Structures are given as structure tokens and as C-alpha cells.
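Subject: A structure to look at, with notes

Dear colleague,

I am handing over the structure below, and I would be glad if you could keep it open while you read the notes that follow.

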Amino acid sequence: MEKRMDRTKIVITTQKDSDKMDDFYWANASIEEKIETVTFLRECFYGKEATTGRLQRFYTILKFK
């Protein structure tokens, strides 16, 4: 992510209003920005390998009566 946090602004708000602002922000964010954020979070939690490799393929067999 290239953008940095603007530390010159301080917002004092309630949790409810903060959640509304977050919802509004992500509802108006571009698809590219959403994908970049998900990729960044995956790398933070699971490491670089989580975003460079492929997803595992697995099968589930269901038995019907």
C-alpha cells in the first residue's frame, strides 16, 4: 500500500459513527483498492507465500440417500 496515514488530523467520535464512516469508505472504494487491501492483510497474517502461491484445490464427496 502506498498511501500513508495522515497524522495531522484527529477525529474524536463514537464507535457507532466510526463504523458508519468505515462502511461508507469501503462502499465507495474502488475494486483495485479493495483487492490491494485484502492482499496486504493476507501478507500480514500468513506471510508473503500466501499471496504468491496458488490456492489449494480440494474435493468434497457427498453421499446422498
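Ile 12 has its place in the segment before helix 1, and, this being a predicted model, everything said here about that residue and the others was computed from the predicted atoms. With a relative accessibility of 82%, Ile 12 counts as exposed, because the label "exposed" is given over 50%. If you look for Thr 37 from there, you will find that Ile 12 and Thr 37 are 25 residues apart in sequence and 25 Å apart in space, taken from C-alpha to C-alpha.

Val 11 also belongs to the segment before helix 1, and its relative accessible area of 61% makes Val 11 exposed. Between Val 11 and Thr 37 there are 22 Å in space, C-alpha to C-alpha, for a separation of 26 residues in sequence.

The next place to visit is the meeting of the two helices. The axes of helix 1, which covers residues 15-28, and helix 2 come within 8 Å and cross at roughly 115°. Which residues meet there? From helix 1 come Tyr 25, Trp 26 and Ala 27, and from helix 2 come Glu 33, Lys 34 and Thr 37. Sorted by character, the residues of this contact between helix 1 and helix 2 are three nonpolar, one polar and two charged.

Glu 33 deserves a separate look. Is Glu 33, which sits in helix 2 (residues 31-46), buried or exposed? Glu 33 counts as buried, because its relative accessibility is 18% and the label "buried" applies under 20%. Leaving aside residues up to four places away in sequence, Glu 33 touches Lys 3, Tyr 25 and Trp 26.

Further along in helix 2 you will come to Phe 40, which is partly exposed, with a relative accessible area of 36%. Together with Leu 41, Phe 45 and Tyr 46, Phe 40 makes a nonpolar surface patch of about 490 Å². Phe 40 can also be set beside Thr 51: these two residues are eleven apart in sequence, and their C-alpha atoms are 8.8 Å apart in space.

Finally, there is the matter of salt bridges. How many does a search of the whole structure find? The search finds one salt bridge, in which the side chains of Glu 43 and Lys 48 meet at 3.4 Å, N to O. The two partners carry separate labels for accessibility: Glu 43 is partly exposed, since its relative accessible area is 29%, whereas Lys 48, at 52% relative accessibility, counts as exposed.

If you would like a path through the structure, you could start at Ile 12 in the segment before helix 1, go on to the place where the axes of helix 1 and helix 2 cross, and end at the salt bridge of Glu 43 and Lys 48.

With best wishes

Conventions
Residues numbered from 1 in each chain as written. Predicted model: local features only at pLDDT ≥ 70, side-chain atom pairs only at ≥ 80, totals over all residues. Heavy atoms only, no water. Buried < 20%, exposed > 50% of the residue type's maximum accessible area, 1.4 Å probe, protein only. Contact = heavy atoms within 4.5 Å. Axes fitted to C-alpha atoms, helices over the stretch in contact; angles between N-to-C directions. Helix = DSSP H or I, 4+ residues; strand = E, 2+ residues; numbered from the N terminus. Nonpolar A, V, L, I, M, F, W, Y, C, P; charged D, E, K, R; others polar. Patch = residues over 30% accessible without salt bridge, like charges linked within 9 Å, V, L, I, M, F, W, Y side chains within 5 Å. Areas by Shrake-Rupley, 256 points an atom, 1.4 Å probe, with all protein chains shown as cover. Salt bridge = Lys/Arg side-chain N within 4 Å of Asp/Glu carboxyl O.
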